[in-house]
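Subject: Structure handover and findings

Hello,

The structure we discussed is below, followed by my notes on what was found in it. Please read the notes with the model open.

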Amino acid sequence: MNKKRILLLAVAAWSAGVFAHAPKAATLPDTPAVKAMQSGDYAEALKLLPAETAANPKDTALKQLYGTLKRVTQQEAMFAQETNPESALKTGRALRSFYYARNHFDKALAVDQKLYELAPGEATLAALGATELNLDKNKEAAATFGKMDLAKASNGIRLCAALAAARTGDTERARKILATVDSTKFKSNSERLLHCRVLGVLGDSAAVGAAVAKLMEQTPADEHAGLKKHIEASSDFKSVGAAAFRKALETPSQVKEEDCANCPNRAAGKCKEGKNSCDGDCK
């Protein structure tokens, strides 16, 4: 397999995770090191963690954080010097996932910018645009998605392009893009939430209500409270105050929780804490 083929496969694999939900981080104690990490000051966190882990030898989450941060800072140093596109994509994807899980989008932006410079293409361009949206750099995001051939793009990318257009006041373009999106073929709740956001910015109360209801139906019941809080706090929905929208937020989940009580993965620690679920490991 030639190098060009390997690079294309790497880009495709990395692109698949651009719009994925961030993984849930372990519950961490409220310590100075944890606060430093959460603020994005990894260097300060690493200075404080040796003493904190020594003082709390049974705190596995704190130990895990220490090990993870040491690995991440090593990856950051490697990435800063990397000039090979294949290696940069591999390391950059790992860093981006870590940053996204902690809402450190400013750090992710630097990664996305470098990756686009080293491996320019639709995948790295889409990742850059998504991060710009997360940072409310909407004009930049609109320009980024404007460089893409949306006719060949996925629903997720088209929705991001529509959201960038809507946020910058280009409602005509946003609606035009939205018309090409088939909402019956959404593959994830990330796409469903993006759809809701676009409709929210456009102020389509009835459409938002229907879209939010569908999102709530497809979201596990134990995630409803967090999702509702997220939607209610988002500026993308500030122009939507219709009763139908508020009622949609109370739509019950239709996701059935799998009973994995007899699944061997429970003993392996692969199930969610306090739940009879193996996150899809049980078929």
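There are 4 aromatic pairs in this predicted model. One of them joins F98 and Y99, which meet edge-to-face with their ring centres 6.3 Å apart and their planes at 70°. Both F98 and Y99 are buried. Another edge-to-face pair is that of Y100 and F105, with 4.8 Å from centre to centre and 80° between the planes. Y100 has a relative accessibility of 13% and therefore counts as buried, the cut-off being under 20%. F105 is buried as well, because its relative accessibility is 14%. Ring pairs also tie Y42 to this part of the chain: Y42, F98 and Y99 are linked into a cluster.

Two rings have a charge placed over them. The ring of F98, already named as a partner of Y99, has the charged end of R102 over it, at 3.8 Å from the ring centre. In the other case the ring belongs to F79 and the charge to K114, whose charged end sits over the ring at 4.9 Å from its centre.

F79 and K114 come up again in a helix contact. Helix 4, residues 60-81, packs against helix 6, residues 105-118, at an angle of about 35°, and the axes are 11 Å apart. The crossing of helix 4 past helix 6 is left-handed. Helix 4 contributes F79, A80 and Q81 to the contact, while helix 6 contributes V111, K114 and L115. By type, the residues of this contact come to 4 nonpolar, 1 polar and 1 charged. The charge over the ring of F79, from K114, thus joins two residues of this contact.

As for the overall make-up, the protein has 14 helices and 0 strands. Read from the N terminus, every element in the order is therefore α, because the run is α-α-α-α-α-α-α-α-α-α-α-α-α-α. Of the 283 residues in the protein, 42% are buried. Among contacts with a sequence separation of 6 or more, 56% are between residues 24 or more positions apart.

Two loop residues deserve a look at their backbone angles. N103 is not a glycine, yet its phi is positive, at about 60°. N103 is placed in the loop between helix 5 (85-101) and helix 6. With a relative accessible area of 54%, N103 is exposed, because the cut-off for that class is over 50%. D136 is the other case: a residue other than glycine with a positive phi near 60°. The loop that holds D136 runs between helix 7 (122-134) and helix 8 (138-146). D136 has a relative accessibility of 51% and so counts as exposed.

The remaining notes concern residues in helices 12, 13 and 14, with some C-alpha distances that you may want to check.

- A206 is located in helix 12, residues 205-217. Its relative accessible area is 64%, so A206 is exposed. The C-alpha atoms of A206 and F245 are 7.2 Å apart in space, with the two positions 39 residues apart in sequence numbering.
- K229 belongs to helix 13, residues 224-233. K229 counts as exposed because its relative accessibility is 63%. From K229 to L249 the C-alpha distance is 9.9 Å, at a sequence separation of 20 residues.
- R246 is part of helix 14, residues 243-248. A relative accessibility of 41% is the reason why R246 counts as partly exposed. Along the chain R246 and S205 are 41 residues apart, and their C-alpha atoms are separated by 10.0 Å. Leaving out residues up to four places away in sequence, R246 touches E232, V240 and G241.

One question to settle while the model is open: which residues of helix 4 and helix 6 make the contact between them? They are F79, A80 and Q81 on helix 4, and V111, K114 and L115 on helix 6.

Regards

Terms used. Residues numbered from 1 in each chain as written. Predicted model: local features only at pLDDT ≥ 70, side-chain atom pairs only at ≥ 80, totals over all residues. Heavy atoms only, no water. Phe/Tyr/Trp six-rings, centres within 6.5 Å; stacked < 30°, edge-to-face > 60°. Buried < 20%, exposed > 50% of the residue type's maximum accessible area, 1.4 Å probe, protein only. Lys NZ or Arg CZ within 6 Å of the ring centre and 35° of its normal. Axes fitted to C-alpha atoms, helices over the stretch in contact; angles between N-to-C directions. Helix = DSSP H or I, 4+ residues; strand = E, 2+ residues; numbered from the N terminus. Left-handed = near helix turned anticlockwise from the far one by under 90°. Contact = heavy atoms within 4.5 Å. Nonpolar A, V, L, I, M, F, W, Y, C, P; charged D, E, K, R; others polar.
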